[in-house]
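Colleague: Could you take me on a close look at one part of this model, the nonpolar patch on its surface? I am new to this, so please set the scene before you zoom in.

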Amino acid sequence: MTSVLVILAIVLLLIGLLGTFMPALPGLPLMFGGAWLLALSSDYQIMGTGTLITLAILTALGCGMDYMAGVLGAKHSGASRKAIWGAFIGAIIGMFFALPGMILGPLIGAAIGEFIARRNLVAAGKVGFATLIGLVLGVVAKIGCAFAILITIAVMYLYYLY
């Protein structure tokens, strides 16, 4: 049974790592699930409660940054309240249109919201671009959290072996 748990954990970790690059997969939650299965397979001797809590915090932080990055990018550029809501609504709608929708949804939503608020095409383009930059930074933060999870798991197992 232990080998089945370890194999399933490794599969979840690999799919989760892939999910950090592909927005359609919940990468960090899958990686946390894989880490939890690894801890379970060793009866929590290698990775205990403290490690799993740390990994859960990393997972929540990475997911939160990923979802909020576009909105924060729009807000940083001086966007109106309508543009921020547009970025949020665009992100939700974009989830149903795979990768292009997830990238373009917040950008288009923020630009439309800013255009409705100010009737200025240049300001709308600026807010849309800032939203895109925020999205890119969110993905970078999510990838950083994914690698932090992998490094934590590797360090715990190396520490256990030596």
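**A nonpolar patch and its surroundings**

Modeller: Happy to! The accessible surface of the chain comes to about 9200 Å², and 79% of that area belongs to carbon and sulfur atoms. Please keep in mind that this is a predicted model.

Let us begin with the whole chain. Its secondary structure consists of 6 helices and 0 strands, so reading along the sequence gives the pattern α-α-α-α-α-α. The C-alpha trace spans about 65 × 25 × 20 Å along its principal axes. The radius of gyration is 19 Å, whereas a compact globule of 162 residues would have one near 15 Å. Of the 162 residues, 41% are buried. Contacts also tie together distant stretches of sequence: among those between residues at least 6 apart, 65% join residues at least 24 apart.

Now for the part you asked about. The nonpolar surface patch covers about 1200 Å². Its members are Tyr67, Met68, Leu72, Trp85, Phe88, Ile89, Ile92, Ile93, Met95, Phe96 and Phe97. Two helices, α3 (49–76) and α4 (81–94), each supply at least two of the patch residues. Helix α4 gives the largest share, 5 residues.

Phe88 is a good residue to pause on. This patch member sits in helix α4. Its relative accessible area is 38%, and because partly exposed covers the range between under 20% (buried) and over 50% (exposed), Phe88 counts as partly exposed.

Arg81 is also in helix α4. With a relative accessible area of 69%, Arg81 is exposed, because that value is over 50%. To get a feel for distances, try finding Leu12 in the viewer: the C-alpha atoms of Leu12 and Arg81 are separated by 39 Å, and the two residues are 69 apart along the chain.

A few other places help to put the patch in context. Helix α2 (residues 27–41) has 15 residues and reaches 21 Å from its first C-alpha to its last, close to the 21 Å expected at 1.5 Å a residue. The buried residues of α2 include Leu28, Met31, Leu37 and Leu38, along with Gly27 and Gly34. Just after α2 comes Asp43, which takes a positive phi of about 55 degrees.

Next, look for charges that pair up. The count is 1 salt bridge, and Glu114 and Arg118 form a salt bridge in which the closest N and O atoms are 2.9 Å apart. Both residues are in helix α5 (residues 98–118), and because they are 4 residues apart there, about one helical turn separates them. The two partners sit in contrasting surroundings: Glu114 is buried, with a relative accessible area of 0%, while Arg118 is partly exposed, at 45%.

One last stop is Ile151, in helix α6 (residues 121–161). With 53% relative accessibility, Ile151 counts as exposed, because the value is over 50%. Ile151 and Cys63 are 88 residues apart in sequence, and their C-alpha atoms are 18 Å apart in space.

If you return to the patch now, try starting at Phe88 in helix α4, then look for its fellow patch members, among them Trp85, Ile89 and Ile92. After that, move over to helix α3, which also supplies at least two residues of the patch.

Key: Residues are numbered from 1 along each chain as its sequence is written. This is a predicted model: local features need pLDDT of at least 70, side-chain atom pairs count only at pLDDT 80 or more; totals for chains, interfaces and linings use all residues. Side-chain values use heavy atoms; hydrogens and water are left out. Patches are made of residues with over 30% relative accessible area and no salt bridge: like charges are joined within 9 Å, nonpolar side chains (Val, Leu, Ile, Met, Phe, Trp, Tyr) within 5 Å. Accessible areas come from the Shrake-Rupley method with a 1.4 Å probe; for residues, only the protein chains shown count as cover. A salt bridge is a side-chain nitrogen of Lys or Arg within 4 Å of a carboxyl oxygen of Asp or Glu. Buried means under 20% relative accessible area, exposed over 50%, partly exposed in between (1.4 Å probe, protein chains only). The radius of gyration is taken over C-alpha atoms; the globule rule is 2.2 Å times the number of residues to the power 0.38. Contact means heavy atoms within 4.5 Å. The expected span of a helix is 1.5 Å times one less than its number of residues.
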